[in-house]
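Colleague: I should like to understand how the terms used for a protein model are justified. May I ask you to set each term against its definition?

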Amino acid sequence: MKLDLNSIKKLIDIMNENNLQEIAYEEGEQKIHLRKTENKIIGVPLNAGGPAIAQEPGIPKELLSQEEGLMEIKSPLVGTFYEAPKPGAELFVQPGDPVEADKVVCVIEAMKVMNEIKSEVNGVIEKIMVKNGQPVEFGQVLFLVRKK
């Protein structure tokens, strides 16, 4: 199994269907370790250089309740966030940009594979929650979108 977005989602489905708290998968140089804590799944790439960064995905729910009408676009995998298809290229989206469902809003590099992340809602980008080149965790909020 090649570790791409779909295979990572399959591993998460296996975890949820079998009530597993942790799962590790390794094939050749590709390795991934997923662990569920408090109903959140946190992925740690085992072959990454340096220590894993433990970061609470998303922003406090108290802040979201103050910003009614905002939807979150979350990271579906662990990797590195990029706001453009390549260095120096035009950004996928910026605050104030309209976004439609299935529009690419960023890419996340995971194990040297660039995964396009698409919006699931129609709206306007209100805030980008991460910086270009920043490591992101599964479930971490990437964008806040004001739904149309």
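Modeller: Certainly. G123 stands opposite K147 in β11. Please keep in mind that the model is predicted.

Colleague: What makes β9 and β11 a pair of strands?

Modeller: Two strands pair if at least two bridges are found between them. Strand β9, residues 123–128, and β11 are joined over five bridges in the antiparallel sense, so the requirement of at least two is met. Within this pairing, I125 stands opposite V145 in β11.

Colleague: How do you know that β4 also pairs with β11?

Modeller: The same test is applied. Five bridges join β4 to β11, and the two run antiparallel; the definition asks for at least two, so they count as a pair. Here K74 stands opposite V141 in β11.

Colleague: In what order do the strands of this open sheet lie?

Modeller: The sheet has four strands in the order β4-β11-β9-β6, with antiparallel pairing. In general, strands of a sheet pair through backbone hydrogen bonds.

Colleague: Why are β4 and β6 said to stand at the edges?

Modeller: Strands β4 (70–74) and β6 (98–99) each have a single partner strand, so one side of each is left without a neighbour in the sheet.

Colleague: What makes β11 largely enclosed by the rest of the structure?

Modeller: Five of the seven residues of β11 are buried, and therefore the strand is described as largely enclosed.

Colleague: Why is the contact between E126 and R146 called a salt bridge?

Modeller: The term requires a side-chain nitrogen of Lys or Arg within 4 Å of a carboxyl oxygen of Asp or Glu. For the side chains of E126 and R146 the N to O distance is 3.5 Å, which means that the pair falls within the 4 Å limit. E126 lies in strand β9 and R146 in strand β11, so the bridge ties together parts that are 20 residues apart in sequence.

Colleague: Are E126 and R146 buried, partly exposed or exposed?

Modeller: Buried means under 20% relative accessible area and exposed means over 50%. E126 has 35%, so it is partly exposed. R146 has 31% and is therefore partly exposed as well.

Colleague: How many salt bridges does the structure hold?

Modeller: The structure holds two salt bridges. One of them joins K74 to E72, with the closest N and O atoms 3.3 Å apart; this distance is within 4 Å, so the definition is satisfied. K74 is at 41% relative accessibility and counts as partly exposed. E72, with 22%, is also partly exposed, because the cut-off for buried is under 20%.

Colleague: How do you know that the length of helix α1 agrees with what is expected?

Modeller: Helix α1 covers residues 5–17, which makes 13 residues. The expected span is 1.5 Å times one less than the number of residues, so it should be 18 Å. The end C-alpha atoms are 18 Å apart, which agrees. The buried residues of α1 are L5, S7, I8, L11, I12 and M15. After the helix comes N19, whose phi is positive, near 55°.

Colleague: Which residues touch the most other members of the largest nonpolar core?

Modeller: The core has 26 residues, of which V105, C106, I117, L142 and F143 touch the most other members. The elements giving two or more residues to this core are α1, β1 (22–27), β2 (30–37), β7 (104–110) and β11 (141–147). The largest share, five residues, comes from α1.

Colleague: Why is N115 called buried, whereas Y82 is called partly exposed?

Modeller: N115, which is found in strand β8 (residues 113–118), has a relative accessible area of 7%. That is under 20%, so the word buried applies. Y82, placed in strand β5 (residues 79–82), has 24% and is therefore partly exposed.

Colleague: What makes the meeting of Y82 and E109 a polar contact?

Modeller: The limit for a pair of N or O atoms is 3.5 Å. The side chains of Y82 and E109 make their contact at 3.4 Å, so the pair is within that limit. The backbone oxygen of V113 lies 3.2 Å from a polar atom of the side chain of N115.

Notes:
Residues numbered from 1 in each chain as written. Predicted model: local features only at pLDDT ≥ 70, side-chain atom pairs only at ≥ 80, totals over all residues. Heavy atoms only, no water. Buried < 20%, exposed > 50% of the residue type's maximum accessible area, 1.4 Å probe, protein only. Core = buried A, V, L, I, M, F, W, Y, C linked by side-chain atoms within 4.5 Å. Polar contact = N/O pair within 3.5 Å; in protein donor to acceptor, adjacent residues only side chain to side chain.
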